[in-house]
Amino acid sequence: MLNRQGRPSAPEAGSAGAGFTTWTGHRGLAHEEPLSFEQGAKGRTAVDLPEIPKVADRLGGLAREGEIGLPGLSEPQVVRHFVRLSRQNYAIDLGVYPLGSCTMKHNPRLNEKLARLPGFADLHPMQPMATIQGALELMAQLGGWLSKLTNMPAIAMSPAAGAHGELCGLLTIRAALEARGDKRKRVLVPESAHGTNPATAAFCGYTVDPIPATADGRVDLEAFRKKLGSDVAAVMLTNPNTCGLFEREIIEVADAIHAAGGFFYCDGANFNAIVGRVRPGDLGIDAMHINLHKTFSTPHGGGGPGSGPVALSAALAPYAPLPYVVQEGDKFRLVEETEGEAKPFGRLKGFHGQMGMFVRALTYMMSHGGDGLKQVAEDAVLSANYIMAALGDVMTAPFEGPCMHEALFDDRFLKGTGVTTLDFAKAMIDEGYHPMTMYFPLVVHGALLIEPTETESKEALDEFIGALRHLAERAKAGDTARFTGAPYLAPRRRLDETAAARQPVLRWTPAQ
Amino acid sequence: MSETKYTEDHEWIRVEGDVGTVGITDYAQGQLGDIVFVELPDVGKELDQGDEACVIDSVKAAAEVYAPVGGEIVETNDSVTDKPGVVNEDAMGEGWFFKIKIADPAELDDLMDEEAYKAFVEGLA
């Protein structure tokens with residue numbers, strides 16, 4: 001039986017409530033929401049607009065003749081549509097969001113309150129400088145905090161996200177090399193790196209040369225040394241790395257790349273594990289982006305844009321992109337053109353960066369204080385190790401010893417059960433959790449990467465651990481169908497990811 | 001008389017005369033899961049042994065296919081770009097990627113025969 005939109009009105013076979021048909025297709029208070037285009041009536045709008053006056057156009061006969069095809073909806077219809085859809089979504093505000101490598105931490109409400117202050121929220125980027133002194137001072141203060149936390153002298157604020165920060169860092173490095181007439185060709189990237197690292201290096205015109213990992217999941221220092229040469233522009237390293245492990249030989253890496261005349265780029269995506277404990281400048285790092293949307297709790301993953309300021313060493317500082325804020329007496333100025341000794345490589349964005357995220361990140365820093373930020377890192381690492389230790393007897397970890405902010409498991413514990421990492425992740429949805437990151441990092445077979453962050457209470461961690469333990473035991477007990485058929489209790493059963501990738505239908509068309 | 005050789009990156013090459021047909025092994029397609037996209041090299045492209053030849057995307061990961069030996073690409077199998085699923089269905093046959101004119105047959109000596117590859121894969125499990 002099909003509902004009004006031509007979709008099945010009965011729950012799929014095997015799912016909760018199977019066999020129970022409703023007239024609407026809704027399942028109790030779980031609504032089967034049509035697309036906005038399938039609702040409403042022609043000509044209905046949420047606002048009262050005046051008639052369009054009849055005027056001669058200058059479009060030379062190119063004026064649109066047909067319908068635009070927008071849905072005609074009233075305000076309550078629009079509100080209900082999006083609220084109903086949001087109820088089918090999973091969010092950090094609903095429960096544990098263990099998506100490793102993405103750092104889904106709580107977004108404090110104080111951040112939101114301050115970001116909505118009209119003096120920040122209602123600014124226009126082209127306002128006269130004299131009228132936005134507070135906003136510029138906030139940018140300078142945030143830069144000051146980042147500079148202090150990294151022990152690096154310059155901060156480029158404009159990059160719009162982590163990968164944009166990588167681009168900023170490598171373009172700065174390229175500008176510094178070109179300024180000394182040194183054209184280099186290669187960038188060294190560990191095998192376990194985020195995919196954006198090699199992509200950034202290639203985008204900047206470099207050849208990517210992978211560095212193998214050792215059996216304990218870290219960079220192979222000897223192999224790295226062998227790859228060094230006078231044509232190596234930079235090494236890009238993540239610390240802690242994507243296996244959730246601290247690169248213990250990072251200072252040796254820094255010394256070696258500097259001795260070879262190259263620069264040291266650090267991917268700061270995992271800075272949340274070491275903030276307040278380790279200053280990247282002390283490790284010999286020349287450039288590092290900082291994901292404000294990870295370490296400093298600004299919303300992301302659909303909740304807000306990212307923001308990826310880049311910390312730069314003294315050697316790279318002159319090449320930082322425009323614009324940047326300078327303080328002159330008690331006034332602040334956004335420098336838009338090349339001036340003084342600076343040799344900026346250019347601009348990365350039309351304007352100055354993600355102002356709303358700057359406000360939220362500084363709020364997080366100031367409400368935690370230096371001691372609080374240190375505890376953020378400590379709690380994040382403690383939470384991950386708690387999970388690792390609590391599940392060590394039923395799941396399998398690829399590397400021995402304690403981890404940093406992420407607990408990484410492989411799929412050896414599923415061997416012979418007929419359950420894959422994907423099935424296991426889908427079964428977590430039935431238990432009420434967003435799955436962890438899976439099949440990443442690539443260097444670990446069937447990887448399950450869990451990042452609890454400092455957000456979770458011990459009770460929340462215990463319940464999460466209980467659910468994983470139960471699933472691991474069920475898999476071993478031969479309850480295979482529970483996994484291979486999962487999810488059973490979600491609004492939709494398992495989606496056909498293969499068909500979606502092979503034959504994507506990207507455009508809605510009205511039913512004939 | 002053709003012979004098939006294998007690399008540690010799970011490519012196979014079937015040699016007939018001075019041309020080798022290249023694909024990924026059944027083990028590799030199984031590990032990758034459903035393959036959804038394949039990017040083939042251009043015909044006429046010259047590759048050294050170990051150079052990246054193709055990019056493949058599966059539902060799990062993106063992976064590269066490397067040239068088992070150096071040489072010139074003389075033919076590509078466009079049916080795998082149209083229907084990537086053929087790689088999952090028949091990795092060692094219909095799911096081949098390209099044919100390469102082998103520059104130096106001595107490079108084949110670096111590769112494993114079927115027996116050695118079988119042992120190599122068992123060592124990974």
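**Notebook: chains A and B**

Reading along the sequence of chain B, I noted the pattern β-β-β-α-β-β-β-β-β-α-α-β-α. I recorded that the model is a predicted one. The elements of chain B comprise four helices and nine strands.

**Overall form of chain B**

I looked up the radius of gyration of chain B and found 13 Å. The globule rule gives 14 Å for 125 residues, and the value for chain B is close to this, so chain B is as compact as a globular protein of that length. I then took the extent of the C-alpha trace of chain B, which spans about 35 × 35 × 25 Å along its principal axes.

Next I asked what share of chain B is buried. Buried residues account for 38% of its 125 residues; I counted a residue as buried if 20 or more other C-beta atoms lie within 10 Å of its own. I also examined contacts in chain B between residues at least 6 apart in sequence, and 61% of these join residues at least 24 apart.

**A sheet in chain B**

I traced an open sheet of three strands in chain B, with the order β4-β6-β7 and antiparallel pairing. Which strands stand at the edges? They are β4 (35-39) and β7 (62-66) of chain B. Each has a single partner strand, so one side of each is left without a neighbour in the sheet. From one strand to the next, the twist averages 25 degrees.

I then followed strand β6 of chain B, residues 52-58, and found five bridges joining it to β7(B). These two strands run antiparallel. Within β7(B), I located B:Glu64, which stands opposite B:Val55.

**Helix α5 of chain A**

I turned to helix α5 of chain A, which covers residues 162-179. Does its length agree or disagree with what its 18 residues should span? At 1.5 Å a residue, the expected span is 26 Å, and the end C-alpha atoms are 26 Å apart, which agrees.

I also checked how far α5(A) is covered: 14 of its 18 residues are buried, and the helix is thus mostly covered. Just after α5(A), I noted that A:Gly181 takes a positive phi of about 70 degrees.

**Where the chains touch**

How many residues of chain A are in contact with chain B? I found six residues of chain A in contact with six residues of chain B. On the side of chain A that touches chain B, I sorted the residues into three nonpolar, one polar and two charged.

Note on methods:
Residues numbered from 1 in each chain as written. Chains lettered and ligands numbered in written order. Predicted model: local features only at pLDDT ≥ 70, side-chain atom pairs only at ≥ 80, totals over all residues. Pairing = 2+ DSSP bridges. Axes fitted to C-alpha atoms, helices over the stretch in contact; angles between N-to-C directions. Rg over C-alpha atoms; globule rule 2.2 N^0.38 Å. Buried ≥ 20, exposed ≤ 12 C-beta atoms within 10 Å, placed from the backbone. Contact = placed C-beta atoms within 7 Å. Expected span 1.5 Å × (residues − 1). Nonpolar A, V, L, I, M, F, W, Y, C, P; charged D, E, K, R; others polar.
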